[in-house]
Amino acid sequence: MMNLHILKSAVKKLLPYSPKKGVHPLPSPGDGREGVSCIQVFPPSSFTLRRSASLDGNVDFPPYTMEVPPYKLFSLAGGKFIFGREEVFSKQGSILEEISAQKVNPLSGKKLDLTPQRKIHARVLVLGLSSLEDEYYHFMVELILRWWIFKSSGLEADYYVFNTGKPFQKEALGLLGIPEDQMLEAGKGEVIQADTLLCPSLVNNFELSHLRGYELYNKLYMPPWSNDTYSFLKERNGLGKAEATKLVYISRNRSSRRKIENEEDLLCILKKFGFTTYYLEEMPLREQAELFASARFVVAPHGAGLVNLVWSRAGTGILELYPEFYHDPGFRILASTLNMDYHYAICKSPGAEALAPVEENIYVDCLEKIEAFLKEKLA
């Protein structure tokens with residue numbers, strides 16, 4: 001009769017996870033173990049957030065320099081993934097812990113049935129962010145930078161995986177040059193195994209902070225090669241060839257949050273200088289890209305629409321209007337990375353104490369300073 005210990009060991013090797021311990025991490029991912037290899041596409045580097053001053057002359061957000069990790073493309077022979085999630089697994093069921101938008105991979109240690117419900121005999125590139133890509137900022141920065149890591153590797157894929165349920169995601173396929181028939185469709189939660197699964201590192205760069213009992217995820221950096229990503233996309237899509245002359249104001253007053261309560265007062269000033277008001281939620285992605293590519297100066301309350309600065313050229317002027325307490329650094333970091341002329345103003349937020357920080361409306365209490373600033377900047 002077979003020794004019980006030997007039987008348990010044999011069963012453990014066959015199972016994709018341990019019923020007691022859950023999914024185990026792959027030791028030293030990329031060394032060829034369990035069919036997982038990787039190439040380093042971008043070496044370690046550093047990011048410097050440049051100094052920016054408010055219209056009051058205050059430096060509320062000091063400059064800093066920090067290290068940026070290397071970025072890799074993993075290749076998993078017989079690799080598996082769960083459709084709708086970002087995590088990836090070896091053929092044997094080990095998880096690559098670093099493929100996570102969290103500080104700790106949420107599926108590591110979980111009991112999962114990774115029996116494939118579908119096998120794809122092709123090379124599949126996983127870019128999804130567990131639905132974070134449904135938000136415009138995360139798509140335009142984090143997902144597109146992952147796409148660039150893959151693009152820069154020189155490897156090819158037969159199918160791509162990320163959410164395409166939003167109109168802007170469908171439009172982005174054209175900007176990225178991905179044919180719709182190469183987008184892999186499946187049911188959410190479906191376990192899929194590919195002959196070769198490709199997965200780039202995540203641009204996972206945040207620190208947790210708290211305000212009024214709410215958690216805030218503050219971004220820390222962008223890789224220096226981000227500039228190359230957007231330069232390539234602008235050239236590929238014929239953007240930025242015309243002279244940048246437009247004075248652009250982005251309104252959020254048709255949005256559900258972070259509106260400017262005295263927008264008419266602000267518009268009275270902006271119209272003196274020739275600014276035109278735009279509502280980005282009414283514009284297709286291509287039109288938004290063309291608008292920002294032709295912008296000389298942009299004024300906007302803090303909001304996802306400002307991520308369209310990726311289509312603007314170096315030196316474009318920006319005035320970001322912050323609510324009183326919520327000062328997400330994403331666009332300061334973006335402007336610093338793309339070498340733009342960034343400025344900000346921290347405004348009042350009446351009734352903020354009763355709201356989540358991201359819900360704060362804005363009351364622009366520095367109208368005279370904005371007028372004086374624009375007069376000097378646009379002279």
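Reader: Let me start with Asp31: what is its relative accessible area, and is it buried or exposed?
Author: Asp31 falls in between, because its relative accessible area is 44%, which makes it partly exposed. Please keep in mind throughout that this is a predicted model.

Reader: Okay, and which residue does Asp31 form a salt bridge with?
Author: Its partner is Arg33, and the closest N and O atoms of that salt bridge are 3.3 Å apart. Arg33 has a relative accessibility of 41%, so it too counts as partly exposed.

Reader: How many salt bridges does the count come to?
Author: The count comes to 13 salt bridges, and the bridge between Arg33 and Asp31 is one that meets the rule.

Reader: What about Asp56, which residue is on the other side of its salt bridge?
Author: Asp56 pairs with Lys369, and there the closest N and O atoms are 2.2 Å apart. This pair links distant parts of the chain, since Asp56 sits in the loop between strand E2 (45-49) and strand E3 (64-68), while Lys369 belongs to helix H8 (residues 367-377), 313 residues apart.

Reader: Why does Asp56 count as partly exposed, and what is the relative accessible area of Lys369?
Author: Asp56 is placed in that class because its relative accessibility is 45%, and Lys369, with a relative accessible area of 42%, is partly exposed as well.

Reader: And Glu360, which side chain does it meet in a salt bridge?
Author: Glu360 meets the side chain of Arg212, with 3.1 Å from N to O. Glu360 lies in the loop between strand E16 (341-346) and H8, and Arg212 in the loop between strand E10 (206-211) and strand E11 (214-219), so this salt bridge ties together parts that are 148 residues apart in sequence.

Reader: Is Glu360 buried or exposed?
Author: Glu360 counts as buried, because its relative accessibility is 0%, and the cut-off for buried is under 20%. Its partner Arg212, at 30%, counts as partly exposed.

Reader: Changing topic, how many cavities of 30 Å³ or more are there?
Author: The count comes to three cavities of that size, and the largest cavity holds about 50 Å³ of space.

Reader: Which residues line the largest cavity?
Author: The lining includes Phe83, Gly84 and Arg85, then Gly128, Leu129 and Ser130, and also Glu133. Sorted by class, the lining has four nonpolar, four polar and two charged residues.

Reader: How about pockets, how much space lies in the largest pocket?
Author: The largest pocket has about 1,400 Å³ of space. It is lined by 46 residues, and the closest to its centre are Glu135, Tyr136, Tyr137, His138 and Ala304. Among the elements that give two or more residues to this lining are helix H2 (136-153), helix H3 (167-176) and helix H6 (285-293).

Reader: How does that lining divide by class?
Author: The lining of the largest pocket has 22 nonpolar, eleven polar and 13 charged residues.

Reader: What is the volume of the second largest pocket?
Author: The second largest pocket has a volume of about 230 Å³. Its lining has 18 residues, with Phe61, Asn218, His327, Pro329 and Arg332 nearest the centre, and the elements giving two or more residues to it are E10 and E11.

Reader: Now the inside, how many residues does the largest nonpolar core have?
Author: The largest nonpolar core has 91 residues, and those with the most contacts inside it are Phe81, Val88, Tyr230, Ile250, Val298 and Trp311. The element that gives the most to this core is H2, with twelve residues. A second core, separate from this one, has 23 residues, including Tyr249 and Phe275. As background, nonpolar side chains tend to be buried together in soluble globular proteins.

Reader: What does Trp311 touch?
Author: Leaving aside residues up to four places away in sequence, Trp311 touches several residues, among them Met140, Leu175, Leu233 and Phe292.

Reader: Last one, where does Glu320 lie, and is it buried or exposed?
Author: Glu320 lies in strand E15 (residues 317-322), and it counts as buried because its relative accessibility is 0%. Beyond residues up to four places away in sequence, its contacts include His302, Phe331, Arg332 and Tyr344.

Definitions and conventions. Residues numbered from 1 in each chain as written. Predicted model: local features only at pLDDT ≥ 70, side-chain atom pairs only at ≥ 80, totals over all residues. Heavy atoms only, no water. Salt bridge = Lys/Arg side-chain N within 4 Å of Asp/Glu carboxyl O. Buried < 20%, exposed > 50% of the residue type's maximum accessible area, 1.4 Å probe, protein only. Helix = DSSP H or I, 4+ residues; strand = E, 2+ residues; numbered from the N terminus. 1 Å grid on protein atoms, 1.4 Å probe; cavity = no way out; pocket = protein on both sides within 12 Å on 5 of 7 lines; lining within 4 Å. Points joined across faces, edges and corners; volume = space filled by probe spheres on them. Nonpolar A, V, L, I, M, F, W, Y, C, P; charged D, E, K, R; others polar. Core = buried A, V, L, I, M, F, W, Y, C linked by side-chain atoms within 4.5 Å. Contact = heavy atoms within 4.5 Å.
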